[in-house]
Amino acid sequence: MSVRLEARGITVVPEGARHPILTNATVSLHGGEVHALVGPNGAGKSTLFGVLAGDIRPTEGDVDLDEAPLGDRRARDLARVRAVLLQQNAVSFPFTVTQVVEMGRAPWVRTEHAADDDEIVRRALTDTDVAHLAHRTLPSLSGGERARVALARVLAQSTDILLLDEPTAALDLRHQEEVLAIARRRAADGAAVAVVLHDLNAALSTADRVTLLADGRTVATGHPADVLTARRIEDVYDQPVDVFPHPVTGVPVVTARRPSGS
């Protein structure tokens, strides 16, 4: 499907820094696909994510949304097209879960779409398994519950571009799988979904396309099994691994190779 959001030749040098965080990095998000950004700590994943979101202005390079410069979009118009889930979602006031999810509807205030607010919020609460927490205040929740509420707010924004930065990091196994399933469903409905992941097996089993970053540069982009080979993983992560097909699904599985007896 068509390219919805594209960053080309991105270099980011923070003010006062000597060295760039990103150098000539490129990524394209297509409608109908889950695109995983992977790489070791400090690779530049979250910085590239911020550039795609429009929150970080690159020192060099271009970012286009639907073939027009991303920077030309007004904030409210942008919020109706793309929704962003950050790693940290600090809410210091004792809002209820429902109130937090309702914040995702803010871009649609005083539009014809506002008539659907209640149903969209209800569905977002259900899809992220937090409906039973609707009247709880956010500070009373566990870290994983807060993470699911933050995702519900993003889903309630009702955009067809989703940018999710480590959405599974604080979650247990069941909820990790549910979040990845949500990403797959949104892509199946035509959305362009970008997900920053540390779990290479999640990227292999979930993503349609993967971009591997290292030292602020794009190492490779393509089909997950083509990008995440044993040799490339070992080179980038400096960790010996084995990559073999899962006996049931056939999807490649990555395991760290450990010294015998350890």
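In which sense do strand S7 and S8 pair, and over how many bridges? Keep that in mind as you open the viewer, and remember that this is a predicted model.

**Stop 1: S7 and S8**

Select residues 161–165, which make up strand S7, together with S8. The two pair in the parallel sense, over 5 bridges. For a landmark, click on Leu162: it stands opposite Val193 in S8. Now follow the chain from S7 to S8: the path goes through helix H6, residues 173–188. This β-α-β crossover is right-handed.

**Stop 2: the other partner of S8**

Add strand S3, residues 33–38, to your selection. S3 also pairs with S8 in the parallel sense, with 5 bridges between them. Here the landmark is Ala36, which stands opposite Val195 in S8.

**Stop 3: S8 itself**

Keep just residues 192–196 highlighted; that's strand S8. Is S8 mostly covered or uncovered? Mostly covered: 5 of its 5 residues are buried. In a regular strand, side chains alternate between the two faces of the sheet. So take the faces of S8 in turn: Ala192, Ala194 and Val196 are on one side, Val193 and Val195 are on the other, and all of them are buried.

**Stop 4: an open sheet**

Next, colour S2, S1, S4 and S5. These 4 strands form an open sheet in exactly that order, and the pairing is antiparallel. Which strands stand at the edges? Strand S2 (22–30) and strand S5 (68–69) do; each has a single partner strand, so one side of each is left without a neighbour in the sheet. Zoom in on S5 and strand S4 (residues 60–65), which pair over 2 bridges. Asp64 stands opposite Pro69 in S5.

**Stop 5: helix H1**

Select residues 45–53 to bring up helix H1. H1 lies across strand S1 (3–12), S2 and S4, and runs at about 125 degrees to S1. Buried or exposed, what are most of its residues? Buried: 8 of the 9 are, so H1 is largely enclosed by the rest of the structure. Among them are Leu48, Phe49, Val51 and Leu52. Step just past the helix and you meet Gly54, whose phi is positive, near 90 degrees.

**Stop 6: a glycine in a loop**

Finally, pick Gly42, in the loop between S3 and H1. Gly42 has 73% relative accessibility, so it counts as exposed. Try the distance tool from its C-alpha atom to that of Thr11: the two residues are 31 apart along the chain, and these atoms are separated by 15 Å.

Terms used. Residues numbered from 1 in each chain as written. Predicted model: local features only at pLDDT ≥ 70, side-chain atom pairs only at ≥ 80, totals over all residues. Heavy atoms only, no water. Buried < 20%, exposed > 50% of the residue type's maximum accessible area, 1.4 Å probe, protein only. Pairing = 2+ DSSP bridges. Right-handed = clockwise from strand over helix to strand, strands pointing away. Contact = heavy atoms within 4.5 Å. Axes fitted to C-alpha atoms, helices over the stretch in contact; angles between N-to-C directions.
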